[in-house]
Structures are given as structure tokens and as C-alpha cells.
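Here are a few friendly notes to read alongside the picture. Take them one at a time, and find each residue in the viewer as you go.

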Amino acid sequence: MVIAMRITPSILNADFANLEAEVGRIPGADAVHVDVMDNHFVPNLTIGLPVVESLRRVTDKMLDIHLMIEDADRWAPAFAEAGAESVTFHVEAAAAPIRLARELRKLGARASMALKPATPIDGFADMLDEVDMVLLMTVEPGFGGQSFLDLVLPKIRRTRELIGDRPIWLQVDGGVSTSTVERCAEAGADTFVAGSAVFNAPKPDAMVSELRELAVAACRH
Ligand code: DX5
Ligand code: ZN
């Protein structure tokens, strides 16, 4: 089976004063990953709904929203209404994750659940039919530029096993670079967030291609 490998760069390390231009530097990306932080769920504050609405007006690329916020049940649907194709909430933050996933799908978005590095997947196995993607954090959420946590690799493998034949994307986020993307792909990831690796590269779009090629090659092994 040929598994598509998707690269979804995070704009967290991009120039926030020039987001339209920054998104224009990654034409080959499969989606634009947008990190929304509230300084409660994580110790950092980034961008919110108005910026996503503005981004929607300047790009046709898939918007992949990663909500690192406490009150996900309240806020997530608004991002789907703003035209984001994919909305990810943290299972640690959602009070009613099944209801929320169903609401996101009803609004026409892909619903996705995220797990912090220390949160086991097994307790959420029964929820897999309710989501279109699982995001496994490979750093503690909150900041770009952190080191990849190898301890998450067994959970990537386990999640791939649990997904089985279902067309659910398995995304990894945090510390993904040319030195770590292959081990993620070998373990079963098919969707890769890379922030600093892409936006600190001299040619971000060339980095997107390089990461995808490494992931495809690693997956064939
Ligand atoms: C971290 C964010 C990531 C971050 C990744 O909490 O969820 O999306 O931007 O940045 P890098 O790729 O630099 O680890
Ligand atoms: Zn993210």
C-alpha cells in the first residue's frame, strides 16, 4: 500500500507581520499548520481566530488548526466556521471530545485529536472512528524549536496499529527535521508538522520537499 506523506509546516516560526508572504514561501506544502495558544493550556500566547480569518482570505491552502487552548469545546467550532479544513483539539482540554468531534465534522471540517507526549493513546482508541486525524506531540506543546522526544516513538507505532485500515491521518508535531522525520515515518506517521526546520531554512519550500522525500523513503523500508 502506498501511504501519502504530507508535510504541514507550522507558521509559529514565521514572520507574524508578513504571514501572507510567509505562506507564499511554501507552495509545495500540503497544509499550513496554525498553532493557537491561550497561555493557560500552554505557557505561551500566539494567534487566534481573527488571524485565521485573515489567513483564510489570502490562501487556498488547507488550514490545519492546532488548538492548544483550555476551552476547546467553546472555541474549536468557530475555527471550522472560519473555513479551516482541519481543527485539532487536545484530549486533555476537551470536556466532551466526542460531541466536539461530531460538531466539527458537521461544520464540514476534519476533526482531529491531539495528545501530549505523556498522554497514552489506549484510553482514546474507542474514539478513533470519530476523528480524521490523530496528532501526537513529540515535544511538550508551547514552543517551537524544541528537541524531538524519542520516547513518543512507541506511541506512534501503537497508534498506527490501532488505526489499522482506517483512513485516519497520523500527524507528529515537534522537533521534526531532516534528522528525525525518518524515525517518525518508520514508526507509522504520515503527516509531519515542521516549524523551525522549514521556516529557518534558507529555502523553505526545498525543505518541505526534502522532508517529504525522506519520509517516503523511510516508509518503504
Ligand atoms: C509546538 C507547536 C508546534 C511547533 C513546532 O507546541 O505545536 O507546531 O510550531 O515547531 P518545531 O518544528 O520547531 O518543533
Ligand atoms: Zn502544532
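1. Let's start with Thr59, which is buried, with a relative accessible area of 9%. The cut-off explains the label: a residue counts as buried because its relative accessible area falls under 20%. Thr59 is found in the loop between H2 and S3. Its side chain reaches the backbone nitrogen of Lys61, at 3.0 Å. Please keep in mind that this is a predicted model.

2. Now move to Leu67, a residue of strand S3. Is Leu67 buried or exposed? Its relative accessibility is 0%, so Leu67 counts as buried. You can also try a distance check in the viewer: Leu67 and Ala201 are 134 residues apart along the chain, and their C-alpha atoms are separated by 25 Å.

3. Asn39 deserves a look of its own. Asn39 sits in the loop between S2 and helix H2 (49-58). What is the phi of Asn39? The value is positive, about 65°, although Asn39 is not a glycine. Most residues other than glycine have a negative phi. As for its surroundings, Asn39 has a relative accessibility of 44%, so it counts as partly exposed.

4. Next comes ligand 1. Which residues come nearest to ligand 1? There are 20 residues around the ligand, and the nearest are Gly142, Gly145, Asp173, Gly195 and Ser196.

5. Three of these names return when we look at the oxygen atoms of the ligand. A polar atom in the side chain of Asp173 is 2.7 Å from an oxygen atom of ligand 1. For Gly195, a polar backbone atom lies 2.7 Å from an oxygen atom of the ligand. In Ser196, an N or O atom of the side chain is 2.5 Å from an oxygen atom of ligand 1. How much of ligand 1 does the protein bury? Taken alone, the ligand exposes 380 Å², and the protein buries 100% of that.

6. The space taken by ligand 1 is the largest cavity. Two elements give two or more residues to the shell around the ligand: strand S2 (32-37) and strand S3 (63-68). S2 gives the most, with three residues. So that you can picture the shell by residue type, note that it divides into eight nonpolar, 10 polar and two charged residues, with Gly counted among the polar ones.

Technical notes: Residues are numbered from 1 along each chain as its sequence is written. Chains are lettered from A and ligands numbered from 1 in the order in which they are written. This is a predicted model: local features need pLDDT of at least 70, side-chain atom pairs count only at pLDDT 80 or more; totals for chains, interfaces and linings use all residues. Side-chain values use heavy atoms; hydrogens and water are left out. A residue is near a molecule or strand if one of its heavy atoms lies within 4 Å of it. A polar contact is a pair of N or O atoms within 3.5 Å; within protein, one must be able to donate a hydrogen and the other to accept it, and residues adjacent in sequence count only if both atoms are side-chain atoms. Accessible areas come from the Shrake-Rupley method with a 1.4 Å probe; for residues, only the protein chains shown count as cover. On a 1 Å grid over the protein atoms alone, a cavity is a set of points where a 1.4 Å probe fits but cannot get out, and a pocket is an open set with protein on both sides within 12 Å along at least five of seven lines; lining residues have an atom within 4 Å of a point. A molecule sits in a cavity or pocket if more than half of its atoms lie within 2 Å of its grid points. Helices (H or I, at least four residues) and strands (E, at least two) are DSSP runs, numbered from the N terminus. Buried means under 20% relative accessible area, exposed over 50%, partly exposed in between (1.4 Å probe, protein chains only).
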